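Please open the model in a viewer and keep the sequence panel visible. The tour below proceeds from one selection to the next.

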Amino acid sequence: KNTPKIASSIIVDRLTGFVGLFILSIFGIIFSNKILPGNFKWLLFAGVIISLFFLFSFMSDAFYKHIMKIVNLISSKYKILDSISKLFTVWHIYSKDIRTISLSISMGTIYQLLGALSIFILAYGLHINISIIDWFWILGVLSLALFIPLTIAGIGIRDGTLIGLLVW
């Protein structure tokens, strides 16, 4: 019975985590003393916009009704879409709770900040002297690199991207 609620909470958590990561990344780009390629900046800005769109799109009753028409039309042929329909309904309800979404984005940002801080400390211990501000945008780029569907679970992609960024 609670599967759609559980799945929606996981999706919303993932999206708010991405928004937190991208907020931190943009902060890093703005305050970094490095001259970054424009592509990094635009990728991260696009990540924020896309994450916010998916997070808040179901807030709109019109968008929700439109998506549900499509899902219901297709679900007559495929039973799996019944679960997706329930998931979208719960997501629609979640997205209207701005206070919870805002708190989740704040917690996601803090979580990403702590992750960047721990990487900064480990790197500093290895005599890799990169400022914490630069780690903010580096983590954003690494996360975006994981979306490249070349390997299973991004194995090797993150590592290669990190090595390339550190060499640069």
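Begin with helix α5 and select its buried residues: I101, I105, G108, T109, Q112, A116 and A123. Buried means under 20% relative accessible area, exposed over 50%, and partly exposed in between, with a 1.4 Å probe and protein chains only. Helices here are DSSP runs of H or I with at least four residues, numbered from the N terminus. The model is predicted, so that local features need pLDDT of at least 70 and side-chain atom pairs count only at pLDDT 80 or more, whereas totals for chains, interfaces and linings use all residues. Residues are numbered from 1 along each chain as its sequence is written, and side-chain values use heavy atoms, with hydrogens and water left out.

Now display the whole of α5, residues 98-125. Its 28 residues should span 40 Å at 1.5 Å a residue, and the end C-alpha atoms are 40 Å apart, in agreement with that value. The expected span of a helix is 1.5 Å times one less than its number of residues. Just after α5, select H127, which takes a positive phi of about 65°.

Next, select T16, which is found in helix α1. T16 is buried, at a relative accessible area of 0%. Which residues does T16 touch, not counting those up to four places away in sequence? They are L55, I101, S104, I105 and G108, where contact means heavy atoms within 4.5 Å. I101, I105 and G108 are also among the buried residues of α5. Add M107 to the view: its C-alpha atom and that of T16 are separated by 8.5 Å, although the two residues are 91 residues apart along the chain.

Move to S8, also found in helix α1. S8 is likewise buried, with a relative accessible area of 0%. Leaving aside neighbours within four places in sequence, S8 is in contact with L87, V90, W91 and Y94. For a distance along the chain, select I26: its C-alpha atom lies 27 Å from that of S8, with the two positions 18 residues apart in numbering.

The aromatic rings follow. A search of the whole structure finds five aromatic pairs. Rings of Phe, Tyr and Trp (its six-membered ring) pair if their centres lie within 6.5 Å; planes under 30 degrees apart count as stacked, over 60 as edge-to-face and the rest as tilted. Select F18 and F22, a stacked pair at 6.2 Å centre to centre with 20° between the planes. Both belong to helix α1 (residues 3-31), where they are four residues apart and therefore separated by about one helical turn. F22 is buried, with a relative accessible area of 3%.

Then select F27 and F31, a tilted pair at 4.7 Å centre to centre with 50° between the planes. These two also lie in helix α1, four residues apart, about one turn of the helix. F27 is partly exposed at 36% relative accessibility, while F31 is exposed at 53%. Add F136 to complete a cluster that ring pairs link with F27 and F31.

Finally, display helix α6 (residues 132-145) and helix α7 (residues 157-167), whose axes come within 9 Å and cross at roughly 145°. Axes are lines fitted to C-alpha atoms, for helices over the stretch in contact, and angles run from 0 to 180 degrees between N-to-C directions. To view the contact, select W135, W137, I138, L139, V141, L142 and A145 in α6 together with I157, R158, T161, L162, L165 and L166 in α7.
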